[in-house]
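Me: I should like to learn how to read a structural model, one feature at a time. Please give the general idea first and the particular case afterwards.

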Amino acid sequence: MDAILLQILNGLDKGSAYALIALGLTLIFGTLGVVNFAHGALFMIGAFCAVTLQKLLNLSFETLDETQKDFLGNPLKVETPYVEYWFGPEVGATIIDWSVPLAILFAIPVMLLVGYVMERGLIKHFYKRPHADQILVTFGLAIVLQEIVKYFFGANPIQTPPPDALSGSVDLGIMVGFDPNAIIYPIWRLVYFGFAVGIIGAVFSFLQFTTFGMVVRAGMADRETVGLLGINIDRRFTIMFGIAAAVAGLAGVMYGPLNPPNYHMGMDFLVLSFVVVVVGGMGSLPGAVLAGFLLGILESFASTTWATTTIPGINQIIIYLVAIIVLLTRPRGLMGRKGVMEE
Amino acid sequence: MAILRVKDVSKRFGGLKALTDVNLNVEENSVHAIIGPNGAGKSTLLNCLVGKLMPDTGSVLFNNNSVLGLEPFQINQMGISRVFQTPEIFGELTVMENMLIPIFAMRDGAFRMHAYETIANEREVVEQAEAMLEEMNMADKREMNAASLSRGDKRRLEIGMCLSQNPRLLLLDEPTAGMARADTNNTIDLLKQIKDERDITIAIIEHDMHVVFSLAERITVLAQGTPLVEDTPENIRGNPKVREAYLGETAA
Amino acid sequence: MLGLNKKDTSLLIIVALLTLLAPFILNPFPEGSAMAQFNAGYPDLMQRFVIFGIFAIGFNILFGLTGYLSFGHAAFLGVGSYSAVWMFKLLSYNVIPAIALSVVVAGLFSLLIGFVSLRRSGIYFSILTLAFAQMSFALAYSVLSNPKFNLTNGETGLQVYADDPQILQGANSPDLPHLFGLPMRATYTMDVGAWSFDFNAGYYLCAVIMMVVFYLAIRIFRSPFGMMLRAVKSNQQRMNYTGLNSKPYTLAAFVISGMYAGLAGGLMAAMDPLAGAERMQWTASGEVVLMTILGGTGTLIGPVLGAGFIKYFENIFSKINDNVLHSWFAFLPDGLEDAVVFLIHPFIGKGWHLTLGILFMLVVIYLPGGLVEGGQRLLKRFKRKKKDTDDAPSGKTEPAE
């Protein structure tokens, strides 16, 4: 029982990332009708927003401390980050320590801007072109974005640690009455899951309770009719794209402490997120979220020693296997609507 | 003899009854029109005949063989060709290729792996296609991309493609919808000519009364998913029930 | 000739001449000269040109004709390589059975995947093929590589070991891939003055095979079958209502292109008897998509051009570094020279993928017909200009439009 619960919990962090990326993909596909192969790159850019902020906060100047000597007998060189100099050592150190959560504030405007530029500069011209062209041009864009990040940050993963207070693990088992040490769970995973749930909740309430969201939902249901109502769809598309980009970016920002970001993480997640979208049902937002978590948890179960000794490597193919079975038995996916992309 | 027999066909979409107990016989070598106001179920009925929709109940017999449950290509191979409301042609292919494809389909069936032959060497097929283009007055446009044809020419091409298969039954779905008067008259003349020169049955779904009364020998009036009356054009014109359900509506 | 019309025959002859004379054409610069770095007449690079050419020609039969965008064709390439290496391990180093098996196995594999994937169309099809290919990659990388059942030898890659059976390996036949005794690595170097040209057995085997499959591709393009494939792309609804079943047509195209990919994979293993899982990764599938689009989708020569273009510049770009740039721009004033080198730096060396990505986007946006369309446009403009100058004297007598 506790083992099962542990695997479910272990699946939540990847599941959260899948769900958030798939949510953005579905928003873009549902409203704009565009298949965005560059969405994984947005996730990656988010993660590198955290890296960038961390680097900025760690910018230091050098002073010589005459009171201390290094092993050669010269005055010791001391690196002092500017933030510590400006805000005092304690506050400064705290700011640096909290760089990942702080990066959220930094990433939101950056991602909105990236999304805006991408939509206005490129995607806009592809609304009327075949899906194959959309896939191709966004695929090209994904390569370009990834190579740019590689150029500036190198090919190796970069550590982005969580704040001290949120690192380490908690014993969740004791709280629900299991034996001690049965379920040891890293705190940051809990944070990530909570964060993902928060974002998903925010997106859904935005769509549910605002007029803007209402128009978007109507547009997803029947684009032509909404267009006929004389509502300025174009501007809303841009905003929607920005939001989807921000969702993917934020998912990336917070993912860093779980897995050090590298330049190709976006592509790795993209392929799986597409599978998630298809399993959930093209154009269905709840489907994307549900399938994201389900597949994340499934993957975690397939990664147990028991599963991998029974079928070696099952953890690496399980998602694809499920996707193929779902597509063949229920082509619309778990929650897909009739008529979306059926022809 | 009736070549097409529709018997007790019903079709529901959720709570909506699209067709209720439709009975209809189309006589061989006749021109039979199906008319009715919007939402009367004309398109649903047509889709049930060609394999796009499966009726909930009833039977559709073509030449005494059931067509229900068959794929559109199988129904076509039985001898039913369909002309769409907006011309469906192979836009990226040339006019000549558009004409070749249905003839190959007639000769070789639904699939043949003729990957090593050259089209130019298929003399018979090429000649048939050329003859049909001639008949459609389109020989001078044979190397044009079909997508660049005018609306009227697209319609002619589509009808020619259907005729090239020598179908027993030609189904036309509002063939003049959205056409200018001149194009409409051309299409009427073309269909008249086809009717006179060939052993062919034509079933036509139409909104335009001018087209219907110029062509049809029998008319079925569909209203709210069920046939109201079936008769000759003259009698339909005088039928008060029809006037009320349909003609009156348009005359008003 | 060979059942082709005049235009296709001359195309075939041009391609044949270019491939047969490639060792000369690709080495235009004398050995040791500053320009020698632009030479591409090395055996392994020339082999890559034609092998990827074959891969792209096959991919184009599916994507160019039917419009079905597969993102998983590298899986068939990988399967072809594995099959070939297994033939080396079990039978002998002769490449003929290896290549034959790689085509057959890739054909069967693509029949299976195609049958499933083609139940959906459009973007679903793309994602299904992607999922299948990624699954094949994972299978090859880990699942099918365990002590109990080792089909792929995982991360290390499949290769021939001394204790492999090789039951047909003759005592005197070479201990590396060969064609009835002629080693694939055999190279004859011809020195003409300062120039040096390499004639490699493996390259010529690949080149001859490419000409054969290029010829077959022309036949398919010109056949009724090829026309049906274009009809699939154009209007499936009309096709179905014309009595044609589009599914077997698309599946046949899928299997043919899968066999081309398998052939390419088999040839890769024949040139270098090693098969690794990374050949199946989706980035590899993406590469053939890039080649086909860059060259010109749906055209005969486009995929070959695209494959050659990408492989050539990949090679050249990786050799250019800042020193080379500085030597090129040495004529500029120092400050300007540094600035130019600084600006170009991200796009060369390891930045080749960046350049490729940008180039690819530009092609998709502005030149959907790829290099072939670009060439045609240039040709047209050139012809028009020429015509303008020819017409100029007579043009005066006519009123301006």
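Me: What percentage of the 343 residues of chain A count as buried?

Reply: This is a predicted model, in which local features need pLDDT of at least 70 and side-chain atom pairs count only at pLDDT 80 or more, while totals for chains, interfaces and linings use all residues. Residues are numbered from 1 along each chain as its sequence is written, and chains are lettered from A and ligands numbered from 1 in the order in which they are written. A residue is buried if 20 or more other C-beta atoms, placed from the backbone, lie within 10 Å of its own, exposed if 12 or fewer do, and partly exposed in between. In chain A, 46% of the 343 residues count as buried.

Me: Why is A:Val191 classed as partly exposed?

Reply: A:Val191 has 19 other C-beta atoms within 10 Å, and is therefore partly exposed. A:Val191 sits in helix α8 (residues 187-209) of chain A; helices (H or I, at least four residues) and strands (E, at least two) are DSSP runs, numbered from the N terminus. From C-alpha to C-alpha, 33 Å separate A:Val191 and A:Thr310, which are 119 residues apart in sequence.

Me: How many helices and strands does chain A have?

Reply: Chain A has 15 helices and four strands. Its radius of gyration is 22 Å, close to the 20 Å that the globule rule gives for 343 residues, so chain A is as compact as a globular protein of that length. The radius is taken over C-alpha atoms, and the rule is 2.2 Å times the number of residues to the power 0.38.

Me: How many residues does each chain bring to the contact between chain C and chain B?

Reply: Two residues are in contact if their C-beta atoms, placed from the backbone, lie within 7 Å. Chain C brings 24 residues and chain B brings 32 residues. On the side of chain C, α8(C) gives the largest share, seven residues.

Me: Where in chain C does pLDDT stay under 50?

Reply: pLDDT is the predictor's confidence in each residue, from 0 to 100. Over residues 392-401 of chain C pLDDT stays under 50, and the model has zero contacts beyond four places in sequence for them. Where pLDDT is low, the predicted coordinates should not be read in detail. The mean pLDDT of chain C is 88, with 96% of its residues at 70 or more. Among the elements of chain C, helix α16 (residues 370-395) has the lowest mean pLDDT (76), and α10(C) the highest (97).
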